[in-house]
Amino acid sequence: MAYAILDKPACARNRWHQALSGLMLAAALAAISVSSAIAASIPEIVATANQIVKDGISLQLDMSQSMQEGAEARFSLSLRDAASARPIRNARPIAWVDRLDEPTRAQESSEQACRRKVATFIGGDLLHAPSLSLNAYDVLALNEDNSISVINPQTGFGGSKLLTMVILHGVGQDWLLTPEQNLWVSQPQVHEVALVDTRNWQVNTHVSVPGHPGQMALRPGAQQVWVLTDDGVTVLSASTGQLLANIKTGQGRHTIVFSDDGKRAFVSNGADNSISLIDAGSLKKIAELTGGLNPVAMAWSYKAQLLYVAHEGDGQIIAFDEAGKQAASIKALPGISTIRFGPDGRYGFILNQQKNKLDLLDAATNQIVQSAEITHGPDQVTFSDRMAYIRRRHSEIMQLVPLDAIAHNIQAGQPLALASVSNGQKALDQGRSAGSLADTTIMVPNGAAALLANPADRTIYYYQEGMSAPAGSFRNYGHEPRAVLVLDHSLQEHQPGLYQASARLPMAGNYQVVFYLDSPKMLHCFPITVQADPAKPPATRYAVTLTGTASSLSKGENQNLQFVIRDAVSGQPKTGIHDLQVLLFNTTGNQQLQLDAQEQKNGDYGISFAPSVSGHYYVYFQAASLGMSWNQSARLVLTVK
């Protein structure tokens, strides 16, 4: 795979590429070296086919039973202290799958080759991209029509990063991802919700939900999706869509919040000025809570173990405990539209779209401790570990609040620290359609970066925290992204010390799982074999590798490209190919060249060409004698400066 860089300012090109390819792994890149110093600092003690012990750390790789090309495989990596067998928690491992090659440098050991691969992959070398990344993610855009764009930010052909489009029966209003990476989408116009299988991007189930289904929530600790309707909530099985309950609550606009243990659900009823308290275990309503006019937003603080209800009509913020007992009442201005707590669960951000105001609620004291003017209709707030992102409906400028400065500003009596970043060219409300219930800002996995959707620009922007402007963007191919979501394929800690990721296996052959951990420091390459699929055409049995070619070429100069074609299973070079052709496609000028390759010594093949424009060239191969066509061959990438 390769990184296709689109729609970015020239001055931001390098950091955009580094941000995507490295995923904020600058520390790892600084720590990795191809020198022998790392070999001395990480001595090998014990090694088997799927387990290694180095420097007091035990690392074990387990694979799913199906290891056939094209199959969905689960990679499980267990990290433990070798002496105590205690799991190593909260680590941030990264891994790739790459073809098992013979050492390409004289006197290079297998461990040195593994170390070189780690350095290459972290560095983001387009020419030497891995066969499979276990650190990848997809970007999803909920569009203004009945579609969802699925964008792979790390690949593309001819300027396109669009992986696929999911077509629904109606326009999506809200969505959520389950831990199993099933995607649920509500569609109020057609009175149904859809279950999308993200492994193949097919809609598996259409569930009829009368009453204009809108906001959805996943119950903590249970396989349940709760869907708000006109007069209550419908509860579905998160895996199958089976109807579990219909619970009547009240009238008006609804929102839903769970206690952090998932035992209680709270549903607001705007027209009835009430909150329905539901026992989530029995799926029964047990109480009605009142206290203010037109409750429009709710948030649970795990720090205070309280529910906070914001009322648009009279500006009251009322706190309830899990049993429904009122614990506090805080007065703000009428017109409140949003309340959300930051990652620490202490400070609640209260947005007033009518009054253009931000109030900061301290759950430790149940008082408003800071306020700031936020113009142009602040209506949504999302968080990273370091920053609050406040969307302004009538502007393209997003307001930022550094979270680590809040406590200091309060203690020093200073105003709330604010920053800003452009989210495109047009104000968000200049799009053709109304916004959805879902967020237009989402954090990028494993990095201090965010994706910012601008419906009016029909674009999703990539912003790296600390920068003054977005580093790049993804076009949404004519559609308005009303919300954005990230499907994370990277290694996640599912149990203490057990890190797992699922991915579709590449073509048959011998590979390595290339593993790297920055702290505590460890790297290793595990050999694995991907079995052939008998049903696949033989063209997929060959792998192409460039040899003796610089990773960066020069515009206008004649280039001699040499490459070898190997049997993907045995690794042996394929000689005597008389009809091998090469297609070079330039992503900048939309130019393409088709050339005949000539066999050279040692099983190498070569072509000569002079690139007329700079940029990235995608290289494809075709040979009728091998049954290899353009769309079946492996793709390589060249960079021309």
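A residue counts as buried when its relative accessible area is under 20%. Keep that cut-off in mind, because Cys-525, at 11%, falls under it and is therefore buried. What you see above is a predicted model, and I will start from this cysteine.

Cys-525 is joined to Cys-114 by a disulfide, with the two sulfurs 2.0 Å apart. A disulfide is a covalent bond between the sulfur atoms of two cysteines. The count for this model comes to 1 disulfide. The link of Cys-114 and Cys-525 is right-handed, with 90° about the S-S bond. Cys-114 sits in helix H4 and Cys-525 in strand S42, so the bond ties together parts that lie 411 residues apart in sequence. Cys-114 has a relative accessible area of 4%, so this partner is buried as well.

Now to the sheet that strand S42 belongs to. In what order do its strands run? The order is S6-S5-S41-S42, 4 strands in an open sheet with antiparallel pairing. At the edges are strand S6, residues 132–133, and strand S42, residues 522–530, each of which pairs on one side only. Inside the sheet, strand S5, residues 94–99, and strand S41, residues 509–517, run antiparallel and are joined by 6 bridges. Val-97 stands opposite Val-513 of S41. Helix H4, residues 110–123, packs on this sheet and touches S5, S41 and S42. The direction of helix H4 makes about 75° with that of S41.

Next, the nonpolar residues. In soluble globular proteins, nonpolar side chains tend to be buried together. Here the largest nonpolar core has 30 residues. Which residues have the most contacts inside this core? They are Leu-59, Phe-75, Leu-77, Leu-79 and Ile-528. Strands S3 (57–63), S4 (72–81), S5, S40 (498–504), S41 and S42 each give two or more residues to this core. Take Leu-59 as an example: leaving aside neighbours within four places in sequence, Leu-59 is in contact with residues including Leu-77, Leu-79, Phe-515, Met-522 and Phe-526. Its contacts also include polar residues, among them Asn-50, Gln-51 and Ser-78.

Another core, of 24 residues, lies apart from the largest one. Among its members are Leu-553, Ile-565, Tyr-617 and Val-640.

One last residue, for contrast with the cysteines. Gln-594 lies in strand S47, residues 592–596. Gln-594 is partly exposed, with a relative accessible area of 46%. Its C-alpha atom is separated by 6.5 Å from that of Leu-584, and the two residues are 10 apart along the chain.

Terms used. Residues are numbered from 1 along each chain as its sequence is written. This is a predicted model: local features need pLDDT of at least 70, side-chain atom pairs count only at pLDDT 80 or more; totals for chains, interfaces and linings use all residues. Side-chain values use heavy atoms; hydrogens and water are left out. Two strands pair if DSSP finds at least two bridges between them. Contact means heavy atoms within 4.5 Å. Axes are lines fitted to C-alpha atoms, for helices over the stretch in contact, and angles run from 0 to 180 degrees between N-to-C directions. A nonpolar core is a set of buried Ala, Val, Leu, Ile, Met, Phe, Trp, Tyr and Cys residues joined through side-chain atoms within 4.5 Å. Buried means under 20% relative accessible area, exposed over 50%, partly exposed in between (1.4 Å probe, protein chains only). A disulfide is a pair of cysteine sulfur atoms within 2.5 Å.
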